[in-house]
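Colleague: I'd like a close look at a single part of this protein, with whatever surrounds it. Pick one strand and take me through it slowly, please.

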Amino acid sequence: RVALLAVLLPLCCRAAPERVRYAIAEELPTGSLVGPLARDLGLSPDQLPARKLRVVAGDEKQYFALGEDNTNLRVNERIDRESICGAASPCVLSLEGVMENPFDMFHVSVTIQDINDNAPQFNKEYVTIEVIESTPPGTRFPLGSGRDPDIGINSLQNYELTPNPHFSLLVRESPDGTKHAELVLEKILDREKQRNHHLILTALDGGDPVRSGTAQIKINVTDANDNPPVFTKEVYKVQLPENLPQGSLAFQVKATDNDEGTNAEITYSFSDIADSARQLFSLDPRTGDVKVTGPLDYEEGKYYEVTVEGKDGGGLTAHAKVHIDILDTNDNAPTLSILPILNPIPEDSAPSTVVAVINVRDRDSGENGDVNCNMDGNLPFRLETSSENTYKLIIASTLDREKVSAYNITITARDRGRPALWSRRELSLEVSDVNDNAPVFSEAAYSAYVRENNLAGALVLRVSARDADAGANGRVSYWLAGGSAGAAGAAPLVSVEARSGAVYAQRSLDYEQCREFAVTVRAQDGGAPARSSTATVRVFVLDQNDNAPRVLWPAPAAAAGSAAAAAVAPAAFEVVPRSAEAGYLVAKVVAVDADAGRNAWLSYELVQASEPALFRVGLHSGEVRTARAVSDRDAAKQRLVALVKDHGQPALSATATLHVVLADSLQE
């Protein structure tokens, strides 16, 4: 049970590891598998599209890339361990990986393993050594060292020398692990018997199969030269700053010889020097001055070891080691590489959301390679350290596209050298819109005035709403949301055009039926989900003089069932006693007008009368009174026609007829 639990727990509770490590051999073909990165991060095939797995390296060369399936890490460029790391071990290439939804960042390290792809080589294929015949047995002659750029067991492991009774081989190992071959004189030489000896020195590595390189050694036996040269030091230790100008004196070696004449004349030369050092230094054969002939670069080579040979005129030699340490100076500015994660950025992104990953590299060392990153300006972002060379650019505060739609961020990387070096990169980030604004009407309430009897389809007014969002989120449409624009079940009085916000009358309006009404217009954007707002539109109908006054009394003398009865002017019979004095109230004409305002202001006047001077009508009251006292001469039957007129433009009118009988009694 415990064993089963130990197996199942990592499967069900796996989290993205902080660092994923792989190891591959150098010189693998492009496309070779490095490792199943997605699987090692616990990603299933269904999660891959949403998580958007990506990798980025801070180096100029992209040695690795995700395959087409976006799951496996593969070799993207030729990887030569010797050119990348030289003698350094282990040789590790680092890269960063990022995932989204949610954001996560992890570190991948790939160790490049050495293969035996280089054979040992000597700096000189032919070596000549002058040995005087009186040299005692046991004397050693340095043969230099072979060079093998491979490391470990694949590097140079041993030397072999062709058998010779006068010489043997001694292999010495220096503190840094370099193996040096020395020729040891075993028996005294006799120039008269043999003037020279030929040997072959073989350097062997430990690879499988073994690789080797050879050098041919010629030993010339010379006459006696009592004193060999002697260097002032067996080992010279030199420190040179990497910015030392070419042509400068780097150091000087010095040897002395107690002989006289040509036997005391010493000539200096490099007997064991790597090709890389030979391009940087030159040795004056007479003075022993070593000058800088090439650009010293701490980042390319931190340490060199050379062997200097001093040979006198008689052929005797001496050797001295020179250890050269290159001192770092702040000659490399930091480099930045930026991987945008989220661009454009939705404006509703939460603070702490990662929008970019910044990788920083400085080839210098110590304080010269210690880099700090900062961001210019007061922006809603901040830099957060993720690892030694990696920063995350994250959202620090809320974004609002309607206020700022884009940001130009300047990121500066500065080292701690003296003087400090820096570099700068700009990152342009756009803020994408989300539907966080509802449309806003230009007015909370609108008022419109329309004269009655308008044409159907007439423009009433135009409403307008603005949405601060962009694209579909800011595209506004208009709808009728309700109101008192019509009776239930009846067609509405107005309509609104969806795109323009124009409100049109659906039919002719009648002031006498509807003097005002209100509708609610909804403005809705095209977002998902949509946002909306409403505004009230109140429509006031303006009266027109389209109704003539209507006489209520006298009532029309209509014949029942007659279609023409409505056109008959109202008429009435009134009896006035002959004793009536001036001002006697005969009758009152009562009329109304359905219009309003001046269109409904009524005035009265007599337009016909049998005795015009006998009666008068009140201009505004409609009261018909006697203008004088009734006399016996007045006719018994009087006919009066009163005109009722409104004050519209043009005025409309109606008439009423009164039949008046002058009699002292009803019977009469």
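Modeller: Here is one strand, followed by its partners, a pocket beside it and a few spots elsewhere in the chain.

Some ground rules before we start. This is a predicted model, so local features need a pLDDT of at least 70 and side-chain atom pairs count only at 80 or more, while totals for chains, interfaces and linings use all residues. Residue numbers start from 1 along each chain as its sequence is written, and side-chain values use heavy atoms, with hydrogens and water left out.

My pick is β22, residues 303-311. Strands here are DSSP runs of E with at least two residues, helices are runs of H or I with at least four, and both are numbered from the N terminus. Seven of the nine residues in β22 are buried, so the strand is mostly covered; buried means under 20% relative accessible area, exposed means over 50%, and partly exposed is in between (1.4 Å probe, protein chains only).

Now for its partners. Two strands pair when DSSP finds at least two bridges between them. β22 pairs with β19, residues 267-272, in the antiparallel sense over five bridges, and there S269 has E309 of β22 as its bridge partner. β22 also runs antiparallel to β23, residues 317-327, joined to that strand by nine bridges. Two examples help you find this pairing on screen: K311 is bridged to T317 of β23, and E305 to H323 of β23. Between β22 and β23 the hairpin has five residues, and one of them, G315, takes a positive phi near 95°.

β23 has another partner as well. Strand β16, residues 235-241, runs parallel to β23, with seven bridges between them. Y236 is where you can pick that up, since its bridge partner in β23 is V322.

Back to E305, which has a visitor from another part of the chain. D176 touches both Y303 and E305, leaving aside residues up to four places away in sequence; a contact means heavy atoms within 4.5 Å. D176 sits in the loop between β11 (167-173) and β12 (179-185). Is D176 buried or partly exposed? It counts as partly exposed because its relative accessibility is 47%.

β11 and β12 turn up again around the second largest pocket. A pocket is an open set of points on a 1 Å grid over the protein atoms alone, where a 1.4 Å probe fits and protein lies on both sides within 12 Å along at least five of seven lines; lining residues have an atom within 4 Å of a point. This pocket holds about 910 Å³ of space, the volume being what probe spheres set on the points fill, with points joined across faces, edges and corners. Its lining has 39 residues, and P142, R172, E182, H319 and A320 are nearest its centre. The elements giving two or more residues to that lining are β8 (126-132), β9 (140-144), β11, β12, β15 (230-231), β22 and β23. β23 gives the most, with six residues.

To place this in the chain: an automatic or database assignment sets the domain bounds, and domain 2 covers 121-222 while domain 3 covers 230-327. The centres of domain 2 and domain 5, taken over C-alpha atoms, are 105 Å apart.

Finally, a few backbone oddities elsewhere. The N101 to P102 peptide bond is cis, with omega near 0°, and P102 is in the loop between β6 (91-99) and β7 (104-113). N101 has a positive phi near 55° without being a glycine, and it counts as exposed because its relative accessibility is 51%. A cis bond also links N343 to P344, with omega near 5°.
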